[in-house]
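I opened this entry to look up how the interior is packed and where empty space is left. The structure goes in here before my notes.

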Amino acid sequence: MKTAVKTDLFASKAPLEWAVMANGQFYTAQIPIDAEGQVVAGGIEAQARQTMDNFRHTVEAAGLTMADVTQVLIYVTAREQLPVFNKVYAEYFEAPYPNRAAMIVAGLAREEMLCEIVAYAAQP
């Protein structure tokens with residue numbers, strides 16, 4: 001059975017939930033949008049921080065902690081953005097870290113977006 005995770009994030013008009021729980025697993029994708037649904041300005045560091053803040057909020061809304069996160073997939077639109085994203089990302093986790101993959105992509109759903117993450121966590 002799948003249940004939506006209730007968050008305080010912007011209510012998207014797209015047919016999606018910011019996160020769901022199913023069979024003891026947490027599934028989410030997060031982007032760098034603010035409370036009004038706007039992509040934050042300020043480049044990759046500001047967008048990475050907003051994405052990770054949205055992610056942490058969603059994890060906690062599910063009754064989990066960042067220590068429960070098992071895998072993160074990072075998407076950035078340019079190779080030089082990855083070290084900046086990594087610096088911000090490191091502020092949100094402690095060892096043992098989640099399994100992780102990083103991809104450089106040609107673009108994301110909104111042209112002004114520079115990053116996105118997809119993540120999974122296990123319910124204790």
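Before listing residues, I fixed the term: buried means under 20% relative accessible area. The model is predicted, and I kept that in mind throughout.

Entry 1, helix H1. I looked up the helix at 43–61 first. H1 has 19 residues and reaches 27 Å from its first C-alpha to its last, close to the 27 Å expected at 1.5 Å a residue. Which residues of H1 are buried? I listed Ile44, Gln47, Ala48, Gln50, Thr51, Met52, Asn54, Phe55, Thr58 and Val59. I then checked what these buried residues pack against, and found S2, strand S3 (25–30), S4, H2 and S6. Just after H1, I noted Gly63 with a positive phi of about 80°.

Entry 2, nonpolar cores. In soluble globular proteins, nonpolar side chains tend to be buried together. Here I found that the largest nonpolar core has 26 residues, and that Phe26, Met52, Phe55, Phe85 and Phe93 have the most contacts inside it. Two or more residues each come from strand S2 (19–22), helix H1 (43–61), strand S4 (69–76), helix H2 (82–90) and strand S6 (115–122). Which element gives the most to this core? It is H1, with five residues. Apart from this core I recorded another of seven residues, including Leu9, Ile33, Val39 and Leu108.

Entry 3, Phe85. I looked up the contacts of Phe85, leaving aside its neighbours within four places in sequence. Phe85 touches Ala48 and Met52, both of which are on my list of buried residues in H1. Its other contacts are Ile74, Val76, Cys115 and Ile117.

Entry 4, cavity. I searched for enclosed space and found one cavity of 30 Å³ or more. The volume of the largest cavity is about 40 Å³. I read off its lining as Leu9, Phe10, Trp18, Gln30, Ile31, Ile33, Asp34 and Asn54. Five of these are nonpolar, two polar and one charged. Asn54 is also among the buried residues of H1, and Leu9 and Ile33 belong to the core of seven residues.

Entry 5, pocket. How much space lies in the largest pocket? I noted about 170 Å³. The pocket is lined by 13 residues, and the closest to its centre are Ser12, Ala14, Leu16, Trp18 and Ile31. By class I entered seven nonpolar, two polar and four charged residues for this lining. Trp18 and Ile31 had already appeared in the lining of the largest cavity.

Conventions. Residues are numbered from 1 along each chain as its sequence is written. This is a predicted model: local features need pLDDT of at least 70, side-chain atom pairs count only at pLDDT 80 or more; totals for chains, interfaces and linings use all residues. Side-chain values use heavy atoms; hydrogens and water are left out. On a 1 Å grid over the protein atoms alone, a cavity is a set of points where a 1.4 Å probe fits but cannot get out, and a pocket is an open set with protein on both sides within 12 Å along at least five of seven lines; lining residues have an atom within 4 Å of a point. Grid points are joined across faces, edges and corners, and a volume is the space filled by probe spheres set on the points. Ala, Val, Leu, Ile, Met, Phe, Trp, Tyr, Cys and Pro count as nonpolar, Asp, Glu, Lys and Arg as charged, and the others, Gly among them, as polar. A nonpolar core is a set of buried Ala, Val, Leu, Ile, Met, Phe, Trp, Tyr and Cys residues joined through side-chain atoms within 4.5 Å. Buried means under 20% relative accessible area, exposed over 50%, partly exposed in between (1.4 Å probe, protein chains only). Helices (H or I, at least four residues) and strands (E, at least two) are DSSP runs, numbered from the N terminus. Contact means heavy atoms within 4.5 Å. The expected span of a helix is 1.5 Å times one less than its number of residues.
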